[in-house]
Structures are given as C-alpha cells and as structure tokens.
Amino acid sequence: MRPAVDIRAARPGEDEERVRLFLEGLSGATLTNRFFLGPGRPSASLVRAMVAGDERRDALLALRGDAVIGHAMSHLSDGAGGVEVEIALVVDDRWQGLGVGSGLVRTLLRRASVRGAVVVGMDVMAQNRRVLEMVRRMWPSATIDTLGTSVEIKARLAFAEQGSVGSPLTM
C-alpha cells in the first residue's frame, strides 16, 4: 500500500520556505540528476522560480503533511509539432521509487493538455536510470537522443496520457 501523498499547485509567497527546506534535504546525487550540477545552498531566485506559475509555467508540489517530498514544473512553448510542454521533476531520496514522481508527471501532463500541449519533452542525466525506466514505461515510443551526459526525450502527449484518468486540478 502506497502512503498518502497530496499533489497540488505551488503557491508563490506561501511555499518558498517549504521548497527551500526540501532542496536542502536532497542528496548530492539527486541534486545533480535534477539540476545537472552539484550540491549547494538553493538561491532565493531558484526557489521563487520553482513556485512560479503563469499561462506558460506550472509548478506542482507533492506533500506528505506539510513537508514537500516532490516537485514538478513545466513550461509551454510553440513547437513544430504543436504546443510542447517541457517538464522537470525531483523527488526526495526517501520517496523515490514509490510512485511520487509518476503521480507528479501524470498530474502535470493533464494540466498541460488543458492548455493545448500535444508533445512532452524533458532532459535527463544519462546516469539517471530510475527516471529513464519511468520514461520507457510511460512513453514506450518516445524519441531518446543522447547529448553527452544528458538525454533529450520527446513524446506525443497522447502516449504519455494513456491510462490516466481524472480531470486536471483547478488552475
């Protein structure tokens, strides 16, 4: 049985301290996998960016009680194949492999599809086997291009959304 986790939109002005504490609790390996650089104290501008949302940006938090255990964000842009959504996520080391990341991705993609997204993309460190396995499960026909130490992933949103149910969270 999976533990209860709440997923909701980040709240600028309210969630910065929660996100800062979350980032400070991540291992060096997890920070590297998410931000492509080693550990360090999160800057105030990074924390603000991680909770910001507008017509093109979305940010979600996975919470266990008041503690952030996961974060996901997206950015919409116009691409050759239609509206594209670029996503990024990070899950607390102790919660990895328990479905938190998959839940964040599904919720983020439902919200992006309401905004017209038809293609999903993400950049992943080539060494991040856990996320690459999730990608293979969620998007079996995704294109995966290796670019040095990172991997660029693109998939049609229809494939990414197979099997998901429910309506998007209120914007």
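**Close-up views of a predicted model**

**Figure 1. With 4% relative accessibility, Asp92 counts as buried.** Before going further, keep in mind that this whole model is predicted. Which residue does Asp92 meet in a salt bridge? Its partner is Arg94, and the two side chains come together at 2.8 Å, N to O. Arg94 has 66% relative accessibility, so Arg94 counts as exposed, because anything over 50% gets that label. Asp92, at 4%, falls under the 20% cut-off and is therefore called buried. Elsewhere, salt bridges with shared partners tie Arg8, Asp15 and Arg18 into one network. Searching the whole structure turns up 11 salt bridges.

**Figure 2. Here are two more salt bridges, one between Glu14 and Arg11, the other between Arg20 and Glu24.** Side chains of opposite charge can pair when their charged atoms come close. For Glu14 and Arg11, the N to O distance is 3.2 Å. Glu14 has a relative accessibility of 45%, which makes it partly exposed. Arg11 is also labelled partly exposed, at 37%. Now look at helix α1, residues 16-24, where Arg20 and Glu24 sit four residues apart. That spacing separates Arg20 and Glu24 by about one helical turn. In general, an α-helix has 3.6 residues a turn, so residues three or four places apart point the same way. The closest N and O atoms of Arg20 and Glu24 are 2.7 Å apart. Glu24 comes out as partly exposed, with 38% relative accessibility.

**Figure 3. Glu16 is a buried residue without a salt bridge.** You'll find Glu16 in helix α1. How far away is the nearest side chain of opposite charge? That side chain belongs to Arg48, and it is 6.5 Å from Glu16. A salt bridge has to be within 4 Å, so Glu16 and Arg48 don't make one. What the side chain of Glu16 does reach is the backbone nitrogen of Gly13, at 2.9 Å. Gly13 belongs to the loop between β1 and α1. Unlike buried Glu16, Gly13 counts as exposed, with 71% relative accessibility. Gly13 also shows how a chain folds back on itself: Val51 is 38 residues away in sequence, yet the two C-alpha atoms are 8.5 Å apart in space.

**Figure 4. Strand β2 pairs with β1 and with β3.** Strand β2 covers residues 57-64, and six of its eight residues are buried, so think of β2 as mostly covered. Strand β1 (residues 6-9) runs antiparallel to β2, and four bridges join the two. One pair to look for is Ala9 with its bridge partner in β2, Leu60. The pairing of β2 with β3 (residues 67-79) is antiparallel as well, over eight bridges. Within β3, Ser74 stands opposite Asp58. Two residues lie between the strands in the hairpin of β2 and β3, and there Gly65 takes a positive phi near 70°.

**Figure 5. Helix α5 has a buried side and exposed residues on the other side.** Helix α5 spans residues 129-138, and its buried residues are Val131, Leu132, Met134, Val135 and Met138. Why do these residues share a side of α5? They cover an arc of only 155° around the axis, and that puts them on the same side. Over on the other side of α5 are Arg129 and Arg137, both exposed.

**Figure 6. The largest nonpolar core has 31 residues.** Start with Ile87, Met122, Trp139 and Ile153, the residues with the most contacts inside this core. Among the elements that give two or more residues to the core are β2, β3, β4 (82-91), β5 (117-125), α5 and β7 (150-156). Which element gives the largest share? Helix α4 does, with six residues. There is also a second, separate core of 15 residues, including Phe22, Leu31, Val68 and Val90.

**Figure 7. Zooming back out, the chain has six helices and seven strands.** Following the sequence along, you get the pattern β-α-α-α-β-β-β-α-β-α-β-β-α. The chain has 171 residues, and 44% of them count as buried.

Technical notes: Residues are numbered from 1 along each chain as its sequence is written. This is a predicted model: local features need pLDDT of at least 70, side-chain atom pairs count only at pLDDT 80 or more; totals for chains, interfaces and linings use all residues. Side-chain values use heavy atoms; hydrogens and water are left out. Buried means under 20% relative accessible area, exposed over 50%, partly exposed in between (1.4 Å probe, protein chains only). The arc is that of the directions from the helix axis to the C-beta atoms. Two strands pair if DSSP finds at least two bridges between them. A nonpolar core is a set of buried Ala, Val, Leu, Ile, Met, Phe, Trp, Tyr and Cys residues joined through side-chain atoms within 4.5 Å. Lys and Arg count as positive and Asp and Glu as negative; His and the chain ends are not counted. A polar contact is a pair of N or O atoms within 3.5 Å; within protein, one must be able to donate a hydrogen and the other to accept it, and residues adjacent in sequence count only if both atoms are side-chain atoms.
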